[in-house]
Amino acid sequence: DLISPLEEQGILVRRSREVLEREIEQFSIVERDGLIIACAALYPIADSQAGELACLAVNPEYRHGRRGDELLERIEARARAQGLKTLFVLTTRTAHWFRERGFEPVEVSDLPVAKQKLYNYQRRSKILLKTI
């Protein structure tokens, strides 16, 4: 299972099976030999032209093959197709990876209002934003 160990370590926010099933259309995946080896989700934010890139995870055995970049490109294309102008990500561990791909650090106040209200200060996630 790709997601469970990352949830247990606090890297990804825990989502119930019901939530994942309800939000499955938000996800893009990379499969190899019938296994999901990478995933990412796009959540458009209501009343804004922004979307959240969430749950970007790549199986450690496959991190050398640009799968994260492939998913990011796919999410960016989906976001543009939906008319979104910016993507943001909240991360506790991989800010450098996103910075290398054009995301810039911003503050909670730079998030769409709907997301500001949901920001979890206890996780102390770094917020990064990219114009797409």
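## Strands β1, β2 and β3

In this predicted model, Ala 38 stands opposite Val 58, a residue of strand β3. Strands β2 and β3 run antiparallel and are joined by six bridges, and the hairpin that they form has five residues between the strands, with Asp 47 taking a positive phi near 60 degrees.

On the other pairing of β2, six bridges join it to strand β1, which spans residues 27–32, and these two strands also run antiparallel. Within this pairing, Ser 28 has Ala 40 of β2 as its bridge partner. The hairpin of β1 and β2 has two residues between the strands, and here Asp 33 takes a positive phi near 50 degrees. Strand β2 is mostly covered, since seven of its 10 residues are buried.

## The nonpolar core

The largest nonpolar core contains 20 residues, and those with the most contacts inside it are Leu 53, Phe 98 and Phe 103. At least two residues of this core come from each of β2 (35–44), β3 (50–58), α3, β4 (86–91) and α4 (95–99).

Leu 53 gives a detailed view of these surroundings: when residues up to four places away in sequence are not counted, Leu 53 touches Ala 40, Ala 41, Leu 72, Ile 75, Leu 87, Phe 88, Val 89, Phe 98 and Phe 103. Ala 40, one of the residues touched by Leu 53, is also the bridge partner of Ser 28.

## Helix α3

Helix α3 has 15 residues and reaches 21 Å from its first C-alpha to its last, which is close to the 21 Å expected at 1.5 Å a residue. Its buried residues are Arg 67, Gly 68, Asp 69, Leu 71, Leu 72, Ile 75, Glu 76 and Ala 79, and what covers them includes strands β1, β2, β3, β4 and β6 (126–131), together with helix α4. Two of these buried residues, Leu 72 and Ile 75, are among those that Leu 53 touches. The helix is followed by Gly 83, whose phi is positive, near 85 degrees.

## Asp 69 within the helix

Asp 69 is found in helix α3, which covers residues 67–81. Is Asp 69 buried or exposed? Asp 69 counts as buried because its relative accessible area is 14%, and the cut-off for a buried residue is under 20%. Leaving aside neighbours within four places in sequence, Asp 69 is in contact with Trp 97 and Arg 101.

How values were computed:
Residues numbered from 1 in each chain as written. Predicted model: local features only at pLDDT ≥ 70, side-chain atom pairs only at ≥ 80, totals over all residues. Heavy atoms only, no water. Helix = DSSP H or I, 4+ residues; strand = E, 2+ residues; numbered from the N terminus. Buried < 20%, exposed > 50% of the residue type's maximum accessible area, 1.4 Å probe, protein only. Contact = heavy atoms within 4.5 Å. Core = buried A, V, L, I, M, F, W, Y, C linked by side-chain atoms within 4.5 Å. Pairing = 2+ DSSP bridges. Expected span 1.5 Å × (residues − 1).
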